[in-house]
Amino acid sequence: MPERKAYSHTRLSQYVACPAQLGFTEAKAPQERGRPLLVGIVAHQAIEDYMTDCVARRIPSDVDAVARIMDGLSIDRKDVLPAQVDLVRAEVGRLVMDFAETYPVPMDRKLMLEQELAFTHDWQPTSWWGPQVRWRSKLDCLEVSGTQARIRDWKTGQYVPTEDEVREGGQLDRYALAVFKAFPDVTEVDCEYQYIRRRYTQAFAVHRDQAPAIQEEVEHLMAAADADDDKEAVPGPACGTCFYRMACQDYLTCDRRTATPDSTAELAALHYLLKARAKDVEAALKERLKVEGVITLPGGKKTLQYTGSTKWSIQDVQNTMGELLGLGVKLKDCWGALTLSKTKVESLLKKVWPGREGAAKRKDMLDTILKQHGVAGTENRLTLKAVKHDG
Ligand code: SF4
């Protein structure tokens with residue numbers, strides 16, 4: 001009988017999306033973590049701090065507390081680059097403000113924040129890191145009152161899936177199963193995905209009589225993952241959000257990947273399109289640029305040139321592109337902005353905050369970007385410059 005491993009919703013989702021993803025996770029392979037993910041991790045901590053503060057002071061909502069919470073928030077993480085700290089802090093601050101303005105903190109019931117529920121293979125509660133642990137669920141927010149429970153999951157990204165996609169993913173159904181196991185009196189769990197940036201909630205209820213079907217599916221997937229020694233890679237749509245692309249040979253050699261030109265041009269494209277953060281990619285690109293001087297980008301219409309004398313580093317460009325994409329600027333517009341400049345960044349920000357009414361927000365964000373990633377002058381000072389060329 002194969003070894004019984006410990007699973008969570010995330011791990012089972014990885015397995016369903018592509019068995020190799022779970023294999024990489026189990027092997028503790030290095031992950032490529034983009035800025036939106038880091039913002040999400042830090043935002044969860046900040047929201048927890050904000051709610052704890054409201055509960056302590058018996059105030060359901062207090063937008064004035066957000067600045068104080070943010071001042072006290074440490075972003076001391078190895079995976080947040082020093083140049084990113086202020087931007088991550090600014091973005092998390094906006095998320096917490098959106099949260100404070102949208103979601104009151106209930107005062108009439110006990111809140112369990114970042115609640116960890118862990119179970120053995122026969123669904124007996126156990127400790128999170130216990131030797132017998134088989135299933136773990138970490139709930140952003142749990143409220144239990146008699147036979148009713150409410151679970152909430154904060155979503156900090158831009159994307160809002162359809163309700164069908166959400167139910168198919170099964171995250172809160174599986175969390176509801178954990179609540180039924182941990183709280184025998186609970187007969188119904190109200191589930192809410194809260195998309196904070198959009199100030200939008202998707203809600204549904206899970207009843208105790210649905211628990212056996214959820215449990216059966218979870219156990220079936222855990223058994224399949226246990227028995228799957230090969231965990232083969234299945235390149236496909238899941239590659240788009242996979243943290244392990246740069247380590248995955250199946251991805252690196254698949255049609256999906258080779259559809260774009262390889263070699264240096266591809267490395268450059270990866271950087272500009274924020275598909276890679278790995279230092280070795282940056283180093284390889286710089287080396288190739290030193291040798292080649294000019295690199296033709298995919299499509300052959302543009303080149304990258306290395307001038308080596310200006311202020312924006314490749315990391316600055318990458319981070320700025322990350323900001324713009326994170327704000328909702330379309331990828332194709334960023335691609336058209338390979339010659340990044342203050343003017344170009346301004347024009348891209350207009351797509352997010354148009355017109356006069358958006359002027360103040362544009363200015364704030366432009367100042368932040370220039371402070372973090374460039375120089376606050378009017379000149380175009382890129383280390384890497386993309387220029388059109390004939391042929
Ligand atoms: S990059 Fe694609 S194929 Fe490779 S592990 Fe990730 S999802 Fe699977």
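Colleague: In which strand is Glu114 found?

Modeller: The structure discussed here is a predicted model. The strand in question spans residues 111-119. Glu114 is found in strand S2.

Colleague: What is the phi of Glu114, which is not a glycine?

Modeller: Most residues other than glycine have a negative phi. Glu114 is not a glycine, yet its phi is positive, at about 50°.

Colleague: How does Glu114 count in terms of exposure, with its C-beta neighbours inside 10 Å?

Modeller: A residue is exposed with 12 or fewer other C-beta atoms within 10 Å, and buried with 20 or more. Glu114 has 13 such neighbours, so it counts as partly exposed.

Colleague: Arg199 is not a glycine either and has a positive phi; where does Arg199 lie?

Modeller: The phi of Arg199 is about 50°. With 12 C-beta neighbours inside 10 Å, Arg199 counts as exposed. Strand S7 covers 200-207, and Arg199 lies in the loop between S6 and S7.

Colleague: How many bridges join strand S2 to S4?

Modeller: The two strands run antiparallel. Within this pairing, Leu111 stands opposite Glu143 in S4. The number of bridges joining S2 to S4 is 8.

Colleague: Which residue in the turn of the hairpin formed by S2 and S3 has a positive phi?

Modeller: S2 and strand S3 (residues 125-126) are antiparallel and pair over 2 bridges, with Thr126 in S3 as the bridge partner of Ala118. The hairpin leaves 5 residues between the strands. The turn residue with a positive phi, about 65°, is Trp123.

Colleague: How many residues lie between S4 and S5 in their hairpin?

Modeller: Strand S4 (residues 135-145) and strand S5 (residues 148-155) run antiparallel and are joined by 5 bridges, and Val144 has Ala149 in S5 as its bridge partner. In the turn, Gly146 has a positive phi of about 60°. The number of residues between S4 and S5 is 2.

Colleague: Do S5 and strand S6 pair in the parallel or the antiparallel sense?

Modeller: Strand S6 covers residues 188-195 and shares 8 bridges with S5. One pair of bridge partners is Arg152 and Glu192, the latter in S6. The sense of the S5 and S6 pairing is parallel.

Colleague: Which helix supplies the largest share of the largest nonpolar core?

Modeller: This core has 47 residues, and Tyr50, Val96, Ile151, Ala176 and Val179 touch the most other members. The largest share of the core is 9 residues, and the helix that supplies these is H3 (residues 35-57).

Colleague: Which residues does Val179 touch, not counting those up to four places away in sequence?

Modeller: Val179 is among the core residues that touch the most other members. With residues up to four places away in sequence left aside, Val179 touches Leu142, Ala149, Ile151, Val186 and Val189.

Colleague: How many residues of H7 are buried?

Modeller: Helix H7 (residues 171-182) reaches 17 Å from its first C-alpha to its last, close to the expected 16 Å. Its buried residues include Leu172, Tyr175, Ala176 and Val179. H7 is mostly covered, and of its 12 residues the number buried is 9.

Colleague: How many residues belong to the second, separate core?

Modeller: Phe24, Ala233, Cys242 and Tyr251 are included in this second core. Cys242 and Tyr251 are also among the residues that come nearest to the ligand. The number of residues in the second core is 9.

Colleague: Which helix supplies the largest share of the shell around the ligand?

Modeller: The ligand has 15 residues around it, of which Cys18, Cys239, Cys242, Cys248 and Tyr251 come nearest. By class, the shell divides into 12 nonpolar, 1 polar and 2 charged residues. Helix H2 (19-26) and helix H9 (249-252) each supply at least two residues. The largest share, 3 residues, comes from H2.

Colleague: What distance separates the C-alpha atoms of Asp86 and Ile75?

Modeller: Asp86 is found in helix H5 (residues 85-102). Asp86 is partly exposed because 13 other C-beta atoms lie within 10 Å. Asp86 and Ile75 are 11 residues apart along the chain, and their C-alpha atoms are separated by 9.2 Å.

Colleague: What percentage of the 391 residues of the chain count as buried?

Modeller: The chain contains 16 helices and 10 strands. Of contacts between residues at least 6 apart in sequence, 67% join residues at least 24 apart. The share of the 391 residues that count as buried is 30%.

Note on methods: Residues are numbered from 1 along each chain as its sequence is written. This is a predicted model: local features need pLDDT of at least 70, side-chain atom pairs count only at pLDDT 80 or more; totals for chains, interfaces and linings use all residues. Helices (H or I, at least four residues) and strands (E, at least two) are DSSP runs, numbered from the N terminus. Two residues are in contact if their C-beta atoms, placed from the backbone, lie within 7 Å. A nonpolar core is a set of buried Ala, Val, Leu, Ile, Met, Phe, Trp, Tyr and Cys residues joined through C-beta atoms within 7 Å. A residue is near a molecule or strand if its C-beta atom, placed from the backbone, lies within 6 Å of it. Ala, Val, Leu, Ile, Met, Phe, Trp, Tyr, Cys and Pro count as nonpolar, Asp, Glu, Lys and Arg as charged, and the others, Gly among them, as polar. The expected span of a helix is 1.5 Å times one less than its number of residues. Two strands pair if DSSP finds at least two bridges between them.
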